[in-house]
Amino acid sequence: MRGAGTKPAQPEPEAEVHPPLAEAEATATAAAVGAEARSSGLLDLLVSLFKPKPAQPQRPVPVPIPAEGPAFTILVAALSGDADGQAATQLNQILNARPAFKVKAVPRIYQLDRLDDPAQVAGISLNTRHAVAEEDADLLVWGEFGKDGYRLRLATASNDDERAAFFGTTTRIELPVELGEGPSNLLYAACLAAVEVPTEAHRNSIRRLMPAAAAQLESLAAKPPVQMSMGQQRSCQMVFGHVATINAMVVPPEETDLWFDKAINAYRQAQRRLARTDPSWESGLIHKHIGAVLSAKAERSKEPAPLLEEAIKEWRQAVECLPRALMPQEWASAQVRLGVALYRLDLKTGQTELLRESVQALQATLQVYSRTETPQRWAEVMHNIAQVLEVYGDQLKSTEVLKRSIDACHSVLEIRTRERVPLAWAATQNTLGSALFLLDRHSTGAGHLAEAEEALAGALEVFQTHGAKGPAKVAAKNLGHVRKLAETRKTRQVVEPHWLDDPDTK
């Protein structure tokens with residue numbers, strides 16, 4: 001379980017003069033003058049020249065559509081290789097023309113030379129996130145400019161690299177030097193898809209703007225111009241995959257699957273544009289994106305098992321293609337998603353062997369996520385392990401496995417405190433209470449129900465306080481099971497002598 005404000009209205013442009021129309025009028029007037037001269041003489045000619053001409057109907061002037069709700073604050077950093085700053089200025093102007101954005105130039109340059117350099121990636125990721133947070137912005141556009149065009153990346157204040165359609169440092173937006181309508185629409189849609197939505201007003205803005213932005217981009221992604229380099233064409237399709245994924249989450253439910261399928265198709269098209277000389281991790285990143293879309297689609301499906309099976313295949317390929325030594329964060333993220341997908345598939349199918357693989361995948365990530373360096377991430381993975389062990393122990397009726405689940409929960413609660421992260425604390429308490437209940441049930445009353453009731457009651461209280469209705473419902477149901485079992489045992493101890501259960505004593 002897991003600077004608003006609209007732009008001032010722009011003045012309407014003056015009506016344009018259309019030379020072809022003016023020339024036609026002049027020709028017509030000259031013809032009329034000649035005719036008048038031949039028939040009525042010079043006086044009539046002069047009179048005709050000063051007659052008022054009929055007013056020409058004015059063409060409608062397009063009026064910019066105002067942004068409804070708060071604008072998104074977009075930072076545009078100075079670009080590496082952009083000596084005179086013109087390229088960054090062009091980006092600023094293109095984005096500032098969108099009513100949904102409020103753009104601010106940032107003089108600092110952020111440069112990433114190698115994506116497979118863990119230290120450099122970690123450093124640039126941290127710096128860009130800090131820049132967004134310090135400016136209280138929604139997004140940072142940064143990158144470089146060269147003879148072939150732009151190579152941009154997007155950053156937000158958080159780093160949820162397991163989210164479907166997450167841009168981060170790995171998604172490059174490659175654009176030609178000349179930013180025409182197509183590339184401009186691509187950058188606009190990418191920014192909309194990448195921004196975080198901290199309020200309901202921001203979410204409403206995305207719901208309103210995203211469908212039109214995705215539709216505008218569809219033809220460009222389906223057939224990128226041949227003038228674009230292969231990298232730019234692949235970038236078009238990758239970005240459209242991200243945009244289509246986000247759009248699938250905001251369109252009406254009957255359109256959701258269609259847009260998820262468009263996203264998957266775009267990612268596969270991008271994968272076909274990889275050359276043999278491209279590093280294997282490029283393909284691994286695409287497998288990650290496809291797996292994320294399939295998992296998101298499964299969450300909304302009435303029959304999720306086939307989709308989860310497809311997602312698991314993609315996650316396995318991602319883990320195989322991503323080198324842990326060179327891309328530890330990406331590798332670990334793929335392992336986590338693989339472990340969670342295996343766990344979810346077991347809940348639907350009851351295939352116990354899936355849980356063994358799930359635990360192995362999750363435990364492997366602890367080679368990257370440590371309690372000292374990444375405590376919150378470590379706690380999240382350990383909580384996932386506890387959940388898997390709880391179900392695994394229940395299926396095997398193994399008290400040893402259930403005790404491992406309980407121990408994992410206690411370790412997580414040392415990091416997740418009620419004061420700092422109340423909802424995460426409550427989620428762990430819910431898992432702890434469930435594991436204690438199962439341990440008591442499979443050990444024929446080992447006295448764990450009181451502790452289970454305390455953990456679940458605390459979780460329920462926090463969920464209700466924070467308005468988490470779904471988790472609260474789950475905790476309440478688990479608490480009901482604990483209290484029912486406790487009452488049943490209490491009744492049997494008081495009313496039913498032990499000899500009533502022994503047929504030989506009757």
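# Briefing: sheet, helices and salt bridges

Leaving out neighbours within four places in sequence, E282 has contacts with R172 and L274. The structure discussed here is a predicted model. E282 sits in helix α8, which spans residues 280-299. Salt bridges with shared partners connect E282 with R151, R172 and E174 in one network. The points below cover that network, the sheet and the helices on it, three salt bridges between separate parts of the chain, one helix pair and a buried loop residue.

**E282 and its network**

- E282 has a relative accessible area of 12%, so this residue is classed as buried, the limit being under 20%.
- R172 appears twice in this picture: R172 is in contact with E282, and R172 belongs to the salt-bridge network that also holds R151, E174 and E282.
- The model has 21 salt bridges in total.

**The sheet**

- The sheet is open and has five strands, in the order β2-β1-β3-β4-β5, with mixed pairing.
- At the edges are β2 (101-109) and β5 (173-175), each of which pairs on one side only.
- Ignoring direction, neighbouring strands of the sheet are turned against each other by 25° on average.
- Strands β1 (residues 72-78) and β3 (residues 139-146) run parallel and are joined by three bridges.
- Between these two strands, V76 has V141 of β3 as its bridge partner, and L75 stands opposite L140 in β3.
- The pairing of β3 with β4 is antiparallel and extends over seven bridges.
- F145 has its bridge partner, Y150, in β4.
- The connection from β3 to β4 is a hairpin through two residues.

**Helices on the sheet**

- Helix α3 (residues 118-134) lies across four strands, namely β1, β2, β3 and β4 (149-155).
- The direction of α3 is at about 130° to β3.
- Helix α4 (residues 181-194) also packs on the sheet, where it touches β2, β3, β4 and β5.
- The direction of α4 makes about 165° with that of β5.

**Salt bridge E218 to K262**

- The side chains of E218 and K262 form a salt bridge with an N to O distance of 2.9 Å.
- E218 belongs to helix α5 (residues 200-222) and K262 to helix α7 (residues 253-272), so the pair ties together parts 44 residues apart in sequence.
- E218 has 27% relative accessibility and therefore counts as partly exposed.

**Salt bridge D394 to R441**

- D394 and R441 meet through their side chains in a salt bridge of 3.2 Å, N to O.
- This pair links distant parts of the chain, 47 residues apart: D394 is in helix α12 (residues 375-396) and R441 is in helix α14 (residues 422-442).
- D394 counts as partly exposed at 25% relative accessibility, and R441 counts as partly exposed at 39%.

**Salt bridge E461 to R418**

- In the salt bridge between the side chains of E461 and R418, the N to O distance is 3.5 Å.
- The two residues are 43 residues apart and link distant parts of the chain, with E461 in helix α15 (residues 449-465) and R418 in the loop between α13 (399-413) and α14.
- The relative accessible area is 43% for E461, which is partly exposed.
- R418 is also partly exposed, with a relative accessible area of 32%.

**The α14 and α15 pair**

- The axes of helices α14 and α15 come within 8 Å of each other and cross at roughly 155°.
- This angle makes α14 roughly antiparallel to α15, because angles over 145 degrees are placed in that class.
- The crossing of α14 and α15 is left-handed.

**T365, a buried loop residue**

- T365 is located in the loop between α11 (352-364) and α12.
- The relative accessibility of T365 is 0%, so T365 counts as buried.
- Not counting residues up to four places away in sequence, T365 touches W331, A332, Q335, V336 and V381.
- From C-alpha to C-alpha, T365 and P328 are 9.0 Å apart in space, with their positions 37 residues apart in sequence numbering.

Definitions and conventions:
Residues are numbered from 1 along each chain as its sequence is written. This is a predicted model: local features need pLDDT of at least 70, side-chain atom pairs count only at pLDDT 80 or more; totals for chains, interfaces and linings use all residues. Side-chain values use heavy atoms; hydrogens and water are left out. Two strands pair if DSSP finds at least two bridges between them. Axes are lines fitted to C-alpha atoms, for helices over the stretch in contact, and angles run from 0 to 180 degrees between N-to-C directions. Contact means heavy atoms within 4.5 Å. A salt bridge is a side-chain nitrogen of Lys or Arg within 4 Å of a carboxyl oxygen of Asp or Glu. Buried means under 20% relative accessible area, exposed over 50%, partly exposed in between (1.4 Å probe, protein chains only). Angles under 35 degrees count as roughly parallel, over 145 as roughly antiparallel, 65 to 115 as roughly perpendicular and the rest as oblique. A crossing is left-handed if the near helix is turned anticlockwise from the far one by less than a right angle, and right-handed if clockwise.
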